[in-house]
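User: I'd like to go through a few labels on this model and hear the reasoning behind each one. Can you show it first?

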Amino acid sequence: MLNRQLSGIRKKTLLERLGPVPDVDPDRYGDGGPVETLEKRVAELLGTEAALFVPTGTMAQQIALRCWADRTHNPIVAMHPRAHPLNHEDDALTVLSGLRPVEVRDSEVGSCPEPYGTLLLEVPDREAGFVLPTWDELTSLVDLARERDAVVHLDGARLWESTYGLGKPLPEIAGLFDSVYVSFYKSLEGVSGAALAGSQDFVDQARVWRHRYGGMLFQQWPAALSALHGLDTVLPRLGLYVEHAKVVAAALDLPEPHTHQFALHLPGDPARLTEVSGPFLGGFWRDGTLAKTEITVAEPALEWTADEVREAWAEFRSLI
(Lines give C-alpha, C1' and ligand atoms only; values in the text may rest on other atoms or scores of the structure.)
Protein backbone atom coordinates (compact mmCIF):
# COMPACT_ATOMS: atom_id res chain seq x y z
CA MET A 1 0.00 0.00 0.00
CA LEU A 2 1.21 3.49 -0.80
CA ASN A 3 0.23 4.74 2.63
CA ARG A 4 2.39 2.02 4.17
CA GLN A 5 5.20 2.96 1.86
CA LEU A 6 4.81 6.60 2.83
CA SER A 7 4.81 5.73 6.50
CA GLY A 8 7.70 3.30 6.34
CA ILE A 9 5.76 0.53 8.08
CA ARG A 10 7.61 -2.72 7.49
CA LYS A 11 6.94 -6.18 8.89
CA LYS A 12 10.45 -7.09 9.96
CA THR A 13 11.67 -9.12 12.86
CA LEU A 14 13.79 -7.52 15.54
CA LEU A 15 16.87 -9.31 14.30
CA GLU A 16 16.29 -8.10 10.74
CA ARG A 17 15.91 -4.57 12.00
CA LEU A 18 19.00 -4.59 14.16
CA GLY A 19 21.33 -6.89 12.29
CA PRO A 20 23.73 -8.81 14.57
CA VAL A 21 22.60 -8.38 18.16
CA PRO A 22 25.28 -6.68 20.26
CA ASP A 23 27.03 -8.90 22.81
CA VAL A 24 25.49 -7.31 25.90
CA ASP A 25 24.09 -8.59 29.15
CA PRO A 26 20.28 -8.38 29.35
CA ASP A 27 18.67 -6.21 31.97
CA ARG A 28 17.06 -7.63 35.09
CA TYR A 29 13.82 -5.82 35.94
CA GLY A 30 15.07 -2.81 33.99
CA ASP A 31 18.40 -2.54 35.75
CA GLY A 32 21.54 -2.64 33.64
CA GLY A 33 22.04 -3.77 30.06
CA PRO A 34 20.56 -1.91 27.08
CA VAL A 35 17.79 -0.44 29.26
CA GLU A 36 20.26 1.51 31.38
CA THR A 37 22.14 2.57 28.23
CA LEU A 38 18.88 3.80 26.69
CA GLU A 39 17.89 5.76 29.79
CA LYS A 40 21.23 7.54 29.88
CA ARG A 41 21.03 8.26 26.15
CA VAL A 42 17.56 9.80 26.44
CA ALA A 43 18.58 11.96 29.39
CA GLU A 44 21.57 13.23 27.41
CA LEU A 45 19.47 13.96 24.32
CA LEU A 46 16.83 15.84 26.31
CA GLY A 47 19.25 17.54 28.67
CA THR A 48 17.58 16.19 31.80
CA GLU A 49 19.13 14.71 34.93
CA ALA A 50 17.63 11.28 34.39
CA ALA A 51 15.20 9.18 32.36
CA LEU A 52 13.19 6.02 32.99
CA PHE A 53 12.14 3.34 30.49
CA VAL A 54 8.41 2.51 30.69
CA PRO A 55 6.69 -0.26 28.68
CA THR A 56 3.91 1.99 27.30
CA GLY A 57 3.23 5.67 26.84
CA THR A 58 -0.15 5.40 28.52
CA MET A 59 1.54 4.03 31.64
CA ALA A 60 4.28 6.66 31.46
CA GLN A 61 1.85 9.55 31.47
CA GLN A 62 -0.29 8.11 34.24
CA ILE A 63 2.85 7.67 36.34
CA ALA A 64 4.00 11.24 35.69
CA LEU A 65 0.66 12.80 36.55
CA ARG A 66 0.33 10.62 39.67
CA CYS A 67 3.78 11.73 40.83
CA TRP A 68 2.94 15.40 40.36
CA ALA A 69 -0.37 15.00 42.21
CA ASP A 70 1.61 13.67 45.19
CA ARG A 71 4.07 16.55 45.04
CA THR A 72 1.56 19.37 44.50
CA HIS A 73 -1.04 17.85 46.86
CA ASN A 74 -3.56 18.60 44.11
CA PRO A 75 -5.40 15.88 42.11
CA ILE A 76 -6.64 18.28 39.41
CA VAL A 77 -4.90 17.92 36.03
CA ALA A 78 -5.66 20.44 33.28
CA MET A 79 -5.43 19.34 29.66
CA HIS A 80 -6.89 20.13 26.25
CA PRO A 81 -10.18 18.37 25.38
CA ARG A 82 -8.28 16.49 22.64
CA ALA A 83 -5.61 15.18 25.03
CA HIS A 84 -4.80 11.47 24.94
CA PRO A 85 -5.77 10.70 28.59
CA LEU A 86 -9.25 12.10 27.97
CA ASN A 87 -9.89 10.24 24.75
CA HIS A 88 -7.94 7.00 24.64
CA GLU A 89 -7.35 5.65 28.16
CA ASP A 90 -10.78 4.59 29.48
CA ASP A 91 -10.73 7.16 32.33
CA ALA A 92 -7.60 5.55 33.79
CA LEU A 93 -6.48 8.75 35.52
CA THR A 94 -9.65 8.77 37.59
CA VAL A 95 -10.28 5.05 37.99
CA LEU A 96 -6.70 4.01 38.85
CA SER A 97 -5.19 7.11 40.42
CA GLY A 98 -8.11 9.16 41.69
CA LEU A 99 -7.04 12.19 39.66
CA ARG A 100 -9.54 14.67 38.27
CA PRO A 101 -8.80 15.84 34.72
CA VAL A 102 -10.38 19.11 33.62
CA GLU A 103 -10.70 20.27 30.02
CA VAL A 104 -8.77 23.47 29.39
CA ARG A 105 -8.25 24.98 25.97
CA ASP A 106 -5.11 26.98 25.30
CA SER A 107 -6.99 30.26 25.72
CA GLU A 108 -8.17 29.11 29.17
CA VAL A 109 -4.84 28.05 30.72
CA GLY A 110 -4.52 31.33 32.61
CA SER A 111 -8.20 31.79 33.44
CA CYS A 112 -9.41 28.27 34.31
CA PRO A 113 -11.54 28.54 37.47
CA GLU A 114 -10.27 25.18 38.71
CA PRO A 115 -7.05 25.41 40.79
CA TYR A 116 -5.17 22.74 38.86
CA GLY A 117 -1.85 21.42 40.14
CA THR A 118 -0.56 20.07 36.82
CA LEU A 119 -0.95 21.15 33.22
CA LEU A 120 -0.44 18.57 30.46
CA LEU A 121 0.55 19.91 27.03
CA GLU A 122 0.76 17.71 23.92
CA VAL A 123 3.37 18.69 21.32
CA PRO A 124 2.42 18.27 18.52
CA ASP A 125 -1.36 18.02 18.78
CA ARG A 126 -2.08 14.75 17.00
CA GLU A 127 -5.88 15.01 17.01
CA ALA A 128 -5.69 18.47 15.40
CA GLY A 129 -3.56 17.04 12.59
CA PHE A 130 -0.08 16.97 14.18
CA VAL A 131 -0.15 20.74 14.64
CA LEU A 132 2.60 22.59 16.52
CA PRO A 133 2.28 25.85 18.43
CA THR A 134 4.81 28.58 17.80
CA TRP A 135 7.65 28.77 20.29
CA ASP A 136 6.21 31.97 21.77
CA GLU A 137 2.80 30.34 22.14
CA LEU A 138 4.31 27.34 23.88
CA THR A 139 6.41 29.37 26.32
CA SER A 140 3.40 31.58 27.04
CA LEU A 141 1.27 28.56 28.03
CA VAL A 142 4.01 27.28 30.33
CA ASP A 143 4.42 30.72 31.93
CA LEU A 144 0.67 31.03 32.51
CA ALA A 145 0.60 27.68 34.30
CA ARG A 146 3.62 28.56 36.42
CA GLU A 147 1.96 31.81 37.45
CA ARG A 148 -0.71 29.58 38.99
CA ASP A 149 1.96 27.55 40.84
CA ALA A 150 1.26 24.54 38.62
CA VAL A 151 3.83 22.12 37.22
CA VAL A 152 3.83 21.38 33.49
CA HIS A 153 4.17 17.92 31.92
CA LEU A 154 4.91 17.41 28.22
CA ASP A 155 3.18 14.71 26.21
CA GLY A 156 6.07 14.48 23.77
CA ALA A 157 5.20 11.18 22.09
CA ARG A 158 6.20 12.88 18.83
CA LEU A 159 8.69 15.33 20.27
CA TRP A 160 11.60 14.00 18.20
CA GLU A 161 10.30 15.46 14.94
CA SER A 162 8.93 18.65 16.52
CA THR A 163 12.33 20.29 16.82
CA TYR A 164 12.18 21.32 13.15
CA GLY A 165 8.82 23.07 13.34
CA LEU A 166 9.60 24.73 16.65
CA GLY A 167 13.09 25.71 15.54
CA LYS A 168 14.60 24.69 18.86
CA PRO A 169 16.84 21.78 19.96
CA LEU A 170 15.56 18.98 22.16
CA PRO A 171 17.17 20.22 25.43
CA GLU A 172 15.66 23.68 25.05
CA ILE A 173 12.19 22.27 24.44
CA ALA A 174 12.43 19.72 27.25
CA GLY A 175 13.85 22.38 29.55
CA LEU A 176 10.53 24.24 29.53
CA PHE A 177 8.83 21.38 31.33
CA ASP A 178 8.98 19.69 34.71
CA SER A 179 8.69 16.25 33.10
CA VAL A 180 8.67 14.87 29.56
CA TYR A 181 7.28 11.70 28.00
CA VAL A 182 8.71 10.44 24.71
CA SER A 183 7.79 7.40 22.61
CA PHE A 184 10.12 4.95 20.89
CA TYR A 185 7.71 3.10 18.60
CA LYS A 186 6.03 6.01 16.79
CA SER A 187 8.52 8.19 14.93
CA LEU A 188 11.59 6.10 15.85
CA GLU A 189 9.99 2.83 14.66
CA GLY A 190 10.93 0.84 17.76
CA VAL A 191 8.98 -2.26 18.71
CA SER A 192 7.47 -0.65 21.82
CA GLY A 193 8.25 1.44 24.85
CA ALA A 194 8.51 4.99 26.14
CA ALA A 195 10.52 7.06 28.58
CA LEU A 196 9.88 9.61 31.28
CA ALA A 197 12.55 12.26 31.76
CA GLY A 198 13.10 14.95 34.36
CA SER A 199 14.98 15.57 37.56
CA GLN A 200 16.65 12.68 39.36
CA ASP A 201 14.22 12.80 42.28
CA PHE A 202 11.22 12.80 39.90
CA VAL A 203 12.59 9.75 38.04
CA ASP A 204 13.29 7.98 41.35
CA GLN A 205 9.68 8.51 42.37
CA ALA A 206 8.43 7.45 38.92
CA ARG A 207 10.43 4.23 39.22
CA VAL A 208 8.40 3.29 42.32
CA TRP A 209 5.13 4.01 40.52
CA ARG A 210 6.27 2.03 37.49
CA HIS A 211 6.46 -1.02 39.77
CA ARG A 212 3.02 -0.27 41.23
CA TYR A 213 1.50 0.03 37.76
CA GLY A 214 2.92 -3.35 36.73
CA GLY A 215 5.58 -1.98 34.43
CA MET A 216 8.59 -3.64 36.02
CA LEU A 217 9.03 -6.38 33.44
CA PHE A 218 11.67 -9.04 34.12
CA GLN A 219 13.57 -8.28 30.91
CA GLN A 220 13.01 -5.31 28.61
CA TRP A 221 16.19 -5.40 26.52
CA PRO A 222 14.57 -6.24 23.12
CA ALA A 223 12.49 -3.07 23.22
CA ALA A 224 15.45 -1.07 24.50
CA LEU A 225 17.70 -2.34 21.70
CA SER A 226 15.16 -1.38 19.06
CA ALA A 227 14.79 2.06 20.66
CA LEU A 228 18.55 2.58 20.59
CA HIS A 229 18.51 1.49 16.95
CA GLY A 230 15.87 4.13 16.24
CA LEU A 231 17.89 6.82 17.96
CA ASP A 232 20.94 5.85 15.91
CA THR A 233 19.33 5.43 12.49
CA VAL A 234 15.94 7.20 12.35
CA LEU A 235 16.39 10.25 14.56
CA PRO A 236 19.17 11.75 12.36
CA ARG A 237 16.90 11.47 9.28
CA LEU A 238 13.73 12.99 10.69
CA GLY A 239 14.63 16.36 9.21
CA LEU A 240 14.60 14.82 5.73
CA TYR A 241 11.19 13.31 6.42
CA VAL A 242 9.79 16.65 7.61
CA GLU A 243 11.01 18.41 4.48
CA HIS A 244 9.64 15.73 2.15
CA ALA A 245 6.30 15.76 3.98
CA LYS A 246 5.93 19.32 2.71
CA VAL A 247 6.45 18.06 -0.85
CA VAL A 248 3.89 15.28 -0.42
CA ALA A 249 1.33 17.57 1.22
CA ALA A 250 1.69 20.17 -1.52
CA ALA A 251 1.10 17.48 -4.15
CA LEU A 252 -2.13 16.60 -2.32
CA ASP A 253 -3.15 20.31 -2.22
CA LEU A 254 -2.91 20.35 1.58
CA PRO A 255 -1.43 23.02 3.88
CA GLU A 256 2.24 22.70 4.76
CA PRO A 257 2.58 20.21 7.64
CA HIS A 258 4.40 21.05 10.86
CA THR A 259 6.05 17.61 11.18
CA HIS A 260 6.45 14.58 8.92
CA GLN A 261 2.88 13.56 9.72
CA PHE A 262 -0.39 15.11 8.67
CA ALA A 263 -4.08 14.30 8.49
CA LEU A 264 -6.27 14.11 5.40
CA HIS A 265 -10.02 14.73 5.66
CA LEU A 266 -12.47 13.95 2.85
CA PRO A 267 -16.27 13.92 2.55
CA GLY A 268 -17.80 10.53 2.04
CA ASP A 269 -18.20 7.12 3.64
CA PRO A 270 -14.95 5.90 5.29
CA ALA A 271 -15.54 2.31 4.21
CA ARG A 272 -16.08 3.37 0.60
CA LEU A 273 -13.00 5.63 0.61
CA THR A 274 -10.93 2.82 2.08
CA GLU A 275 -12.14 0.46 -0.63
CA VAL A 276 -11.42 2.95 -3.42
CA SER A 277 -8.05 4.04 -2.06
CA GLY A 278 -6.81 0.44 -2.08
CA PRO A 279 -3.01 0.55 -2.27
CA PHE A 280 -2.88 4.37 -2.15
CA LEU A 281 -4.07 5.93 1.10
CA GLY A 282 -5.16 2.94 3.15
CA GLY A 283 -7.83 3.04 5.83
CA PHE A 284 -10.21 5.92 6.60
CA TRP A 285 -12.36 6.36 9.70
CA ARG A 286 -15.15 8.69 10.73
CA ASP A 287 -14.08 12.01 12.27
CA GLY A 288 -17.13 14.16 12.86
CA THR A 289 -18.86 14.70 9.53
CA LEU A 290 -15.79 13.76 7.48
CA ALA A 291 -13.65 10.71 6.81
CA LYS A 292 -10.05 10.86 8.02
CA THR A 293 -6.74 9.16 7.40
CA GLU A 294 -3.23 10.00 8.61
CA ILE A 295 -0.06 10.02 6.52
CA THR A 296 3.46 9.63 7.91
CA VAL A 297 6.29 10.43 5.53
CA ALA A 298 9.30 8.27 6.34
CA GLU A 299 12.22 6.63 4.49
CA PRO A 300 10.34 4.89 1.63
CA ALA A 301 8.45 8.11 0.82
CA LEU A 302 11.69 9.85 -0.12
CA GLU A 303 11.58 7.88 -3.38
CA TRP A 304 8.26 9.46 -4.37
CA THR A 305 8.45 12.62 -6.48
CA ALA A 306 5.80 15.30 -6.32
CA ASP A 307 4.61 14.32 -9.81
CA GLU A 308 4.18 10.69 -8.77
CA VAL A 309 2.13 11.67 -5.75
CA ARG A 310 -0.01 14.05 -7.85
CA GLU A 311 -0.65 11.31 -10.41
CA ALA A 312 -1.74 8.81 -7.77
CA TRP A 313 -3.89 11.48 -6.09
CA ALA A 314 -5.61 12.38 -9.35
CA GLU A 315 -6.39 8.72 -10.04
CA PHE A 316 -7.82 8.30 -6.54
CA ARG A 317 -9.99 11.41 -6.87
CA SER A 318 -11.34 10.22 -10.20
CA LEU A 319 -12.72 7.10 -8.53
CA ILE A 320 -14.52 8.68 -5.57
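Analyst: Here are some questions on salt bridges, burial and strand pairing; bear in mind that the model is predicted.

User: What makes Asp125 and Arg82 a salt bridge?

Analyst: Their closest N and O atoms are 2.6 Å apart, and the cut-off is within 4 Å, so the pair qualifies. The two sit 43 residues apart, Asp125 in the loop between β4 and α7 and Arg82 in the loop between β2 and α5.

User: Why is Asp125 called buried?

Analyst: Its relative accessibility is 12%, and buried means under 20%, so the label fits. Arg82 has 31%, which falls between that limit and the 50% above which a residue is exposed, so Arg82 is partly exposed.

User: How do you know that Arg126 bridges to Glu294?

Analyst: Same test: the closest N and O atoms are 2.8 Å apart, against a limit of 4 Å. Glu294, in strand β10, counts as buried at 16%, while Arg126 is partly exposed at 25%.

User: Why are Lys246 and Glu243 about one helical turn apart?

Analyst: Because they are three residues apart in helix α12. Their side chains meet in a salt bridge, 3.1 Å from N to O.

User: Why is strand β8 described as largely enclosed?

Analyst: Five of its six residues are buried, so the rest of the structure largely encloses β8.

User: What makes β8 and β10 a pair?

Analyst: Pairing takes at least two bridges, and these strands have six, in the antiparallel sense. One of the bridges puts Gln261 opposite Thr296 in β10.

Notes:
Residues numbered from 1 in each chain as written. Predicted model: local features only at pLDDT ≥ 70, side-chain atom pairs only at ≥ 80, totals over all residues. Heavy atoms only, no water. Buried < 20%, exposed > 50% of the residue type's maximum accessible area, 1.4 Å probe, protein only. Helix = DSSP H or I, 4+ residues; strand = E, 2+ residues; numbered from the N terminus.
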